[in-house]
Amino acid sequence: MSEIIVAGAGHGGVTAAMFLADEGHSVTVYEKEAEGSVGLDQKDFLDAAALEYAGIEIPEKFRVPGNAITFVPLEDDVDSVTLPAPPDYENLSVNRREFISYLISLARDRGVEFVYGTGIKGPVMLGSRVAGIETEDGEKIYADLVIDSAGVHSPLRKNLPDFLGIDKEPAYYDILHTYRAYFNRLTGVQAPDTPYNIYVREDGTEGFRWAITEKDRVDVLLARFPEMDYSDVAQGLFAVSEFNPHMDRDITHGGHFADIPVRQPSAVLVADGYAMVGDSAFMTYPVKGSGMAYAIKAGRMLADAVLDDTDGLFNAETLWEYQKTFFKEIGFSASRLAVIKAILPYMTASEINEIFKRGLVSSEELSLLSSGNMPMAKILSAVREKLKIMGDIPEFKGHMGDIIGWMGRLASIEATFPSKYSSESIQKWAVKYNRFFDSIRKPEETAIQA
Ligand SMILES: Cc1cc2nc3c(=O)[nH]c(=O)nc-3n(C[C@H](O)[C@H](O)[C@H](O)COP(=O)(O)OP(=O)(O)OC[C@H]3O[C@@H](n4cnc5c(N)ncnc54)[C@H](O)[C@@H]3O)c2cc1C
């Protein structure tokens with residue numbers, strides 16, 4: 001049986017760890033936070049199907065009735081769009097710290113060891129193989145396989161040698177910077193008619209804000225592509241409070257900054273002795289940033305590929321089975337969503353307003369799009385239909401034309417995904433995939449990166 005390190009107690013890493021330990025591997029998770037402080041201090045939704053896929057039991061307390069989301073446009077005279085609520089109890093609502101503690105407890109029961117308060121600085125390389133991790137204290141710990149589950153800013157990914165061909169740094173519009181805080185709900189003050197409201201920002205698609213009204217509190221999120229500081233937070237909270245007079249002033253909990261990847265998954269997820277899972281490989285739904293479900297499913301796929309490698313080689317070739325399954329089941333649909341997301345920074349506030357005004361996007365379409373399950377053909381026919389309605393706005397026509405062209409190029413890249421392992425063809429494919437996503441970036445973004 002092999003020594004396996006999981007770097008960071010992310011959802012995918014802990015999921016893989018539990019199934020690997022179950023089959024007798026010796027698995028240790030190194031986590032920088034203290035025990036009990038892992039995970040964000042917030043509550044979020046995730047799809048129950050991900051846990052079912054992974055074979056993880058769902059505690060009933062996480063199941064909630066379906067929750068409808070409303071998009072609130074900029075101008076008062078334009079109607080809001082409310083998405084159909086997902087079927088009851090298919091969505092889970094989890095206190096993030098409680099949820100990751102639950103996954104950790106399952107892993108621990110199967111024999112996984114957790115080492116808390118240990119920051120990881122980078123990988124230990126032996127030739128071209130990732131042979132272990134180096135901690136912030138300079139200790140080198142060796143293993144047969146390192147699973148990178150250290151989140152969007154993973155120091156392992158960032159410090160890999162270039163020749164592995166792994167995409168190390170996200171671009172400007174690849175990351176949403178967020179601030180999340182909870183406020184008491186004032187009694188006797190009128191709350192909005194809909195409980196879960198997303199506000200389109202006055203500066204177009206540079207970001208958005210939400211306010212979710214719960215029984216006794218209001219959950220506020222500020223999200224944008226430019227970096228955020230406390231003066232932006234003050235401004236954002238003020239704007240949200242104008243629509244939500246039932247929000248008290250003092251923060252009861254949360255009040256933290258965190259980053260969400262919103263881009264295509266990494267082109268290459270594996271190397272000799274190394275595999276990435278979850279946010280470290282940018283595995284979120286690119287239009288909305290939900291990533292727990294993909295991370296958990298990918299964690300199970302990774303565990304299965306590792307268990308199939310009965311010779312314990314854990315090299316890029318045996319781990320390629322994981323990458324293949326991931327792209328087939330998740331990666332390609334996520335990269336199509338990333339193409340649609342790529343158009344957002346190009347849109348102006350008035351275009352967004354016009355879209356709402358003309359009822360261009362139906363609530364069903366928005367719902368399907370944000371579910372991550374919109375097939376290529378459906379996206380293309382929807383885009384063509386919108387062109388008919390909005391064809392009189394030249395900028396919009398341009399954007400839709402771009403999406404059609406981009407989807408065609410992405411489809412041809414998907415078609416050349418190597419089904420059999422060959423280091424050369426994988427590198428070639430990764431260059432094509434990465435160049436494509438670079439080529440659709442906004443020119444200003446390329447300038448910010450430079
Ligand atoms: C405001 C906000 C709202 C979100 N809403 C949703 C939602 O509704 N639904 C959803 O599914 N997802 C949501 N997400 C996204 C979600 O948080 C991630 O996609 C999800 O957690 C998967 O990431 P992960 O498990 O791979 O990594 P993470 O959850 O980031 O875990 C990484 C772990 O690695 C540890 N770590 C990091 N660096 C080191 C280091 N150097 N050494 C050791 N350990 C390290 C961290 O402490 C952490 O425990 C939201 C994110 C944010 C910020």
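Q: Which helices and strands each supply at least two residues of the shell around the ligand?
A: Happy to start here, with the note that this is a predicted model. Two helices and three strands appear on the list. Each of these supplies at least two residues of the shell: helix 1 (11-22), strand 3 (43-47), strand 12 (175-185), strand 16 (247-261) and helix 6 (292-308).

Q: Which residues are closest to the ligand?
A: The ligand is surrounded by 34 residues. By class, this shell holds 14 nonpolar, 14 polar and six charged residues. The closest ones are Gly8, Gly10, Gly151, Gly278 and Gly291.

Q: Which domains each give at least three residues to the shell around the ligand?
A: The shell draws on more than one domain. At least three residues come from each of domain 1 (3-64 + 90-169 + 262-328) and domain 2 (173-261).

Q: Is Gly291 buried or exposed?
A: Gly291 is one of the residues closest to the ligand, and its place is in the loop between strand 18 (274-276) and helix 6. Leaving out residues up to four places away in sequence, Gly291 touches Gly278, Asp279, Met283 and Thr284. There are 25 other C-beta atoms within 10 Å of Gly291, and the cut-off for burial is 20 or more. Gly291 is therefore buried.

Q: How far apart in space are Gly291 and Val262, C-alpha to C-alpha?
A: In sequence, 29 residues separate Gly291 and Val262. In space, their C-alpha to C-alpha distance is 9.5 Å.

Q: Which residue in the loop between strand 18 and helix 6 has a positive phi, though it is a residue other than glycine?
A: The phi in question is near 60°. The residue lies in the loop between strand 18 and helix 6, and it counts as buried because it has 26 C-beta neighbours inside 10 Å. It is Phe282.

Q: What is the phi of Phe314 near?
A: Phe314 sits in the loop between helix 6 and helix 7 (316-343). It counts as buried, because 25 C-beta neighbours lie inside 10 Å. Its phi is positive, in a residue other than glycine, with a value near 45°.

Q: Which residues of strand 6 point to one face and are buried?
A: Strand 6 covers residues 91-95, and its side chains alternate. In a regular strand, side chains take turns between the two faces of the sheet. Asn91, Ser93 and Asn95 point to one face and are not buried. Pointing to the other face, and buried, are Leu92 and Val94.

Q: Which residue stands opposite Leu92 in strand 6?
A: Strand 6 pairs with strand 3 in the antiparallel sense, over five bridges. Opposite Leu92 stands Leu46.

Q: Which strands are the edge strands of the open sheet of six strands?
A: The sheet has mixed pairing and the order 7-2-1-11-18-17. An edge strand here pairs on one side only. The two that do are strand 7 (113-115) and strand 17 (270-271).

Q: Which residue in strand 7 is the bridge partner of Tyr30?
A: Strand 2 (residues 26-30) and strand 7 pair in the parallel sense, over three bridges. In strand 7, the partner of Tyr30 is Val115.

Q: Between which domains does the largest nonpolar core lie?
A: This core has 82 residues, and those touching the most other members are Ala7, Ala17, Ile147, Val270, Ala275 and Leu302. Its largest share, eleven residues, comes from helix 6. Two domains both give residues to it, so the core lies between domain 1 (3-64 + 90-169 + 262-328) and domain 3 (336-449).

Q: How many residues are in the second, separate core?
A: Among its members are Phe71, Leu237, Met247 and Val262. This second core is separate and has 22 residues.

Q: Which residues does Val270 touch, not counting residues up to four places away in sequence?
A: Val270 is among the members of the largest nonpolar core that touch the most others. With the sequence neighbours left out, its contacts are Ala275, Ala316, Leu319, Trp320, Tyr322 and Gln323.

Q: Is Ile426 buried or exposed?
A: Ile426 is found in helix 12 (residues 423-439). Beyond residues up to four places away in sequence, Ile426 touches Val268 and Pro418. Because 21 other C-beta atoms lie within 10 Å, Ile426 is buried.

Q: What share of the 450 residues in the protein is buried?
A: The protein has 13 helices and 18 strands. Of contacts between residues at least 6 apart in sequence, 72% join residues at least 24 apart. Buried residues make up 37%.

Notes: Residues are numbered from 1 along each chain as its sequence is written. This is a predicted model: local features need pLDDT of at least 70, side-chain atom pairs count only at pLDDT 80 or more; totals for chains, interfaces and linings use all residues. A residue is near a molecule or strand if its C-beta atom, placed from the backbone, lies within 6 Å of it. Helices (H or I, at least four residues) and strands (E, at least two) are DSSP runs, numbered from the N terminus. Ala, Val, Leu, Ile, Met, Phe, Trp, Tyr, Cys and Pro count as nonpolar, Asp, Glu, Lys and Arg as charged, and the others, Gly among them, as polar. Domain bounds come from an automatic or database domain assignment. A residue is buried if 20 or more other C-beta atoms lie within 10 Å of its own, exposed if 12 or fewer, and partly exposed in between; C-beta atoms are placed from the backbone. Two strands pair if DSSP finds at least two bridges between them. Two residues are in contact if their C-beta atoms, placed from the backbone, lie within 7 Å. A nonpolar core is a set of buried Ala, Val, Leu, Ile, Met, Phe, Trp, Tyr and Cys residues joined through C-beta atoms within 7 Å.
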